[in-house]
Amino acid sequence: MAFITANWNPLGEAFYRKIELYEMGWSLRDGLKECLVAAAPYGGPIENHLHNLKKLTLLQNIYNLQRWKSGPVRQLGWTVCDDLLCIQEDGTVLIYDLFGAFKRHFSMGNEVVQNQVLEAKVFHSPYGTGVAIVTGASRFTLATNIDDLKLRRLPEVPGLQGAPSCWAVLTQDRQTKVLLANRADLYILDNTSCTPVTPPGLSLQSCSIVNMAVSFSYKYLALFTDSGHLWMGSANLKDKLSEVDTKVRTPPKQMVWCRRPKSQQPSVVIMWDRLLLVAGECTDTIQYTLDEESVCVAELDGVRIVGGSRHELLQEVPSACQDIFKIASMAPGALLLEAHKEYEKSSQKADEYLREIKEQSVLGEAVRQCVEAAGYEHEPETQKTLLRAASFGKCFLSNYPPEPFVSMCRDLKVLNSVREYTVGIPLTHTQYKQMTVQVLIDRLVYRKLYPLAIEICRYLKTPEYQGVSRVLKHWACCKVQQKEEPDESIAHAVSVKLGEAAGISYSEIAARAYECGRTELAIKLLEFEPRSGEQVPLLLKMKRSQLALSKAIESGDTDLVYTVVTYLKNEMNRGDFFMTLRNQPVALSLYRQFCKHQEQDTLKDLFNQDDDHQELGNFYVKASYKEKKLEARLSLLQSAVDEYNKAKNEFAAKATEEEMKLLRFQRRLDEEMGEALLGLSLQETLHALLTSNFHKQAEQLYRDFRVPDKRYWWLKLTALAEKDDWEEMEKFAKSKKSPIGYLPFVEVCVKQHNKYEAKKYVSKVTPEQKVKAHLAIGDLEGAAEAAIERRSEGEISTVLSRCSPTTDRALLERLNRARSTAAKK
Amino acid sequence: MAHSVRRDAPELPDFSLLKRLARDQLIYLLEQLPGRKDLFIEADLMSPLDRIANVTTLKQHDVDKLYKVEHKPIVSTSDQTVRGCFLYPLTNWFLFPDVVNADKAFGRFRRYKIIFSPQKFYACENLLEEQGIFGDVTTDEWSFYLLPLDDDIISLELPEFFRDYFLEGDQRWVRTAGSALHLLHSVYGPFSKVYGIGRCSKMAYESWREQVEEGEQRARQAEIGNVFLIDRDVDLVTPLCSQVVYEGLVDDIFRIKCGCVEFCPDVTSSDKSIKVMLNSQDKVFNEIRNEHFSQVFGFLSQKARNLQTAYDKRSGMDIKQMKTFVSEELKGLKQEHRLLSLHIGASESMMKKKTKQDFQELLKTEHSLLEGFEIRECISYIEEHINRQVSMVESMRLLCLLSLTENGLLPKDYRSLKNQFLQSYGIEHLLTFSNLKQLGLLVEQQPGETLTVMESRVGKLVNDKTAGQIQAGPNTVTVFNTGWVPIPLLYLIQSDEEYDLRVPRDMAYIFSGAYIPLSCKLIEQVLERDGWTGLEEVTRMLNGHEFAVTGKTSGVKTDSQRIILVMFLGGCTFSEISALRFLGREKGLKFIVVTTAITNSARLLESMLDNHA
């Protein structure tokens, strides 16, 4: 295993190693000379741009090669969703997908069109992918998130002409800032101000800064001066880490930080034409010669170097690997690896090594080290050796938790499969953990590597909803865009594949199909959607409103029905709209409710359309009550009468006619006598007339409207009583035989507290009601007499119940006797 | 009363949780609008809101002023920095006041947020868009579905449900009912069995099932056993009868609103009205709420005597005992004393109204109608009632009862009664009659149709006892002879048999022994039979749509299995609740009543009026 350390170079306490990831498969005539190259972090894709030839490459796989037709490009960059950004000189930013298909474009502001973009940078922050440019007028413009484009023009920098010597974008305290150097001066630009700053401890103040680099995490900053000095410190410019004299005076081509989480010896990688220099904090350096044009890509845990023919990873050797593989290491992991090696050779030395570990009781630590180191190794063979050693060591431990080992095996399997050159994502374990499986799946989906994505989901047992189903949905969305296939076969293919998967939203797929102009296919796909609520919005969008309406009703969600109805209302002409509603009673009644409150006239039209004369009549009656003017009111009522007649509702027609008659009558009386009768009911009118002594008019109404006798008698009776017109009442009682009997007379008088008058009528009451009448005026004896005479048990009991202890005893006895005889009968 | 036959009744789930959920969500929504804000509340939401979060709570969350929304421009005096927040029921969403434009007319611009309750319609946003203020306001929803009125009563507070669904055919609230059920299910479920009758019940059930399938399922300890859904139009007779149980009577006379009643000065024997919460916290009320009114007085006087004895204990006490008495008992006694005097006042006031001759005769007529004899006398009584303009709603109620029990009125009666009614109360009731007809509450007998078993729906069930016994097959016999047919009204009309209201023997006591509410009887029968088998005849008469579905839980017999949730779609009366409580005590069950609103005859009929004049 000695060769493992062959590519290690010491830097201070730590070692750096350069691993070759791939041999490049692209055929570039002049290497990367004259190329604009952009590569995304986390093992992302690489793009290079050569004059007028555009080439989208994904390491081994060339995805697209096409001729560039648009204007001159200043800068290239990748978004977090693996889209390519091309920033043109005029400030237009074009967005392409991985396969070179144009997606959309946006502009960095009008000012840029005149002044041109001098330099541009694409950066990533927690808010997404951002773009920063500096224009010919030396002004900076920022967009923090290109998906939610908000352009921010930063303040002017004093004394700056043209482009600054170098600049970088920083994300600090949830704010995006620009750090720039104008020769020896350093400024921080934020939204509102431009602040001059000085890095602490930078000697040779007079030198100008020619290059700068910000670390992947935006925490560290490196500056390179024209005197060949490299200054390293924190990005907030509070601390200085170290300063190194590189003794190279030429400005470097590129400079990036090379760190890893828990880094022992962070360093800065500086690249010149033929030289790659790694400068550590400890002022040590490592030098590599470069034999071809290359580009450095900062990663979370190292630097990727992309050259014309090779693709390499430069990183600090993780401490676990260092412990195990360092020559003559006595770390527990190294011993365990040795023990396992001997064991495989069937040598008893294995036991010696093991015993040594056990004596120090560091076997757990040894296993942990081996597992961890396996994660850092790129060669499957090395991984296997380390894992085997770990598993061997585990056998001698009783309660070692299996999870780290198992999950590492799983992770490595996934990582090795995506590192495979056909896939070409050279992800390290640290990056993978940072990025999460979700994102990895997404990126595979962007690359249309659906089978691999599904395999990984299944292997990792990701919940269907987030895993397999999601991938399948993307697949289906992609599938529907295949223009050459007929609708039927696509719909069939989709339904067969997606059949059993849980949580698939067919409406999303259908929406995609519709976007591609395949309406028929979209409708077919929507048929598979089990939730009718999901179908409606898309159907509306596709102008299948009838279908949308029936689906909305099917879903039982009134909100949806309303949505469709309001949509239809604006979309269709009146007639068609009403016809549609007519076939859908649920929607119709909803719309009616709406109209009742909002659009009365529409309601009328609706009834008209349906020839619903009954409802129309009701409508006119209702409208008549809102009408203040009598004439208008009468004409509305006349319309109501007509409608009722058409509806063959004679009763209502007649009632309405009578109401009109009454209204006219009331008006006449109002005019003649100044009574406010208009709008009263017939009964109220009569009552008002009777109490105001208009007996003649009341009589007329009584005859004209054929008021039942009983009603009229009641009315007159109460009216007279209320006026205390007892004389008139007596006359009235004698006028003819009362149709309501005479008990009401008694009761009405009693109600007005006039027992004297009441008594007058008691004698006229029929025998059946005598008892009641007597009781009403409080004449117990009379009641008793009447009851006994009628020999009714019930009535006697009623009288008895009204007796109080003060009642005459003789009367009580008589009553009781009478009751018992009555009961015997 | 009802010296409980079974004492092992299970404990009810804790419904105050629902209140807490609603409050927390409201507060969250308010906090979403940082800074001071004015709260505009639609009148219908005022009382329910008060039960969820009172003014102090609202003030704690930066609510500056409270306004009641009326249908006129709102002018608030606060400056522009104070934001406006509307609480708006979905009921009237299309009547949303155009505040923003009104504000603009005053040359001011404030930030507004509209919170719709219990849900937000997409159409609401459409409307705002049409008004041109969509961009100026933000909208949200407060999913406040259920208001627990008491330990065993939960209301959706949707009094408009009855009219909207049954009359206008507007299915807006069906999903709301489904969501309410879903909420109960997710907090207290899973349910082991769901029964239901009526079209709306079926739709609400389906809406609920859909929501269950969409959401995630969690295994939980079930706190509710079976669920029974019933449409109000299955039994329209019961809510139209006069209530004679104390709580129902209080509702009929004083109108209980959101579990709270306002007693007028003549009850409180002081010069101002008092608002009183009526629920099981009120110990005196709790004991009399389910009693027949005739029993209440006796009970109250007994209670008064007990209270006096408790007070009298003081006389023989030494200082130490006195101290404990004052610190421990006195407050409770004082409280009880106050409540007792209130209820005595209320009873007296009701007594005055109800023992009058008129009321006795009214009840007598009602009961004759239910039994189906002396119909002609009833008609002339109703006629007189109309002629004398005693009360419009009462007249209408009697007309409807007549129509329901007689399967429609004879054409002659129909016309003359309607005509008299119009003459008495005004022609605008032409519209009311049209509504009543549509709902089947007041209809004309179709010529040539006689009263046969199938045709008379409810009328058949309540009056045709002999036919019921003779024609019914072996399965139906039990339904028709065990109190299904109303026991004659023995208490008011003198008869040989006495119905002892002190020791009621069945649910009929809530109508003085005259009639067992059909809705409750149905529930009893279905629970007893564990389904609808044997009730085919009955359901056919009631227009069907019955269903019974067994849930996923296995038949583990726990206490929660004996908790039955009954959901009335379209409202239920306090009498029915009392009847169910009685049934629960008899069978060792506990009933939870969920209703779209508490209703009574007056509310039901008033909702039929077209009050646009």
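In this predicted model, helix 16 of chain B is followed by Gln389(B), a residue whose phi is positive, near 50 degrees. The helix itself, residues 375-387, has 13 residues and reaches 18 Å from its first C-alpha to its last, close to the 18 Å expected at 1.5 Å a residue. Its buried residues are Ile375(B), Cys378(B), Ile379(B), Tyr381(B), Ile382(B), His385(B), Ile386(B) and Asn387(B).

**The two chains**

Chain B contains 26 helices and 14 strands, and of its 613 residues 59% count as buried. For chain A the secondary structure comes to 32 helices and 29 strands, with 53% of its 825 residues counted as buried. Among contacts in chain B between residues at least 6 apart in sequence, 78% join residues at least 24 apart; in chain A, residues 24 or more positions apart account for 50% of the contacts with a separation of 6 or more.

The size of an interface is often given as the accessible area lost when the parts come together. Between chain B and chain A the buried area is about 3900 Å², of which carbon and sulfur atoms give 55%, and 44 residues of chain B are in contact with 43 residues of chain A. The rule finds zero salt bridges across this interface.

**Strand 13 and its surroundings in chain B**

Strand 13 of chain B, residues 563-569, is mostly covered, seven of its seven residues being buried. Both of its faces are covered, with Ile563(B), Leu565(B), Met567(B) and Leu569(B) buried on one side and Ile564(B), Val566(B) and Phe568(B) buried on the other. Strand 9 of chain B, residues 226-231, runs parallel to strand 13 and is joined to it by six bridges, with Val227(B) standing opposite Leu565(B). Strand 14 of chain B, residues 590-595, also pairs with strand 13 in the parallel sense over six bridges, and here Val594(B) is the bridge partner of Met567(B).

Strand 13, helix 25 (residues 574-587) and strand 14 of chain B together make a right-handed β-α-β unit. Within helix 25 of chain B lies Glu576(B), which is buried because its relative accessible area is 0%, under the 20% cut-off. Leaving aside neighbours within four places in sequence, Glu576(B) is in contact with Arg232(B), Asp235(B), Thr238(B), Ile510(B), Ser519(B), Cys520(B) and Phe568(B).

**Salt bridges**

Over all chains the count comes to 39 salt bridges, including the three listed here.

| Pair | N to O distance |
|---|---|
| Glu372(A) and Arg368(A) | 2.8 Å |
| Lys521(B) and Glu524(B) | 3.4 Å |
| Arg581(B) and Glu247(B) | 3.5 Å |

Arg581(B) and Glu247(B) form a salt bridge that links distant parts of the chain, with Arg581(B) in helix 25 of chain B and Glu247(B) in helix 10 (residues 246-254) of chain B, 334 residues apart. Both Arg581(B) and Glu247(B) are buried, and they belong to a network of salt bridges that links them with Asp150(B), Asp152(B) and Arg289(B).

Lys521(B) and Glu524(B) both lie in helix 23 (residues 518-529) of chain B, three residues apart, about one turn of the helix, and both are buried. In chain A, Glu372(A) and Arg368(A) are separated by about one helical turn because they are four residues apart in helix 5, residues 363-376. Glu372(A) is partly exposed, with a relative accessible area of 24%, and Arg368(A) is likewise partly exposed, with a relative accessible area of 36%.

How values were computed. Residues are numbered from 1 along each chain as its sequence is written. Chains are lettered from A and ligands numbered from 1 in the order in which they are written. This is a predicted model: local features need pLDDT of at least 70, side-chain atom pairs count only at pLDDT 80 or more; totals for chains, interfaces and linings use all residues. Side-chain values use heavy atoms; hydrogens and water are left out. Buried means under 20% relative accessible area, exposed over 50%, partly exposed in between (1.4 Å probe, protein chains only). Helices (H or I, at least four residues) and strands (E, at least two) are DSSP runs, numbered from the N terminus. Two strands pair if DSSP finds at least two bridges between them. A crossover is right-handed if, with the strands pointing away from the viewer, the path from the first strand over the helix to the second runs clockwise. The expected span of a helix is 1.5 Å times one less than its number of residues. Contact means heavy atoms within 4.5 Å. Buried area is the accessible area (1.4 Å probe) that two parts lose on being put together, summed over both. A salt bridge is a side-chain nitrogen of Lys or Arg within 4 Å of a carboxyl oxygen of Asp or Glu.
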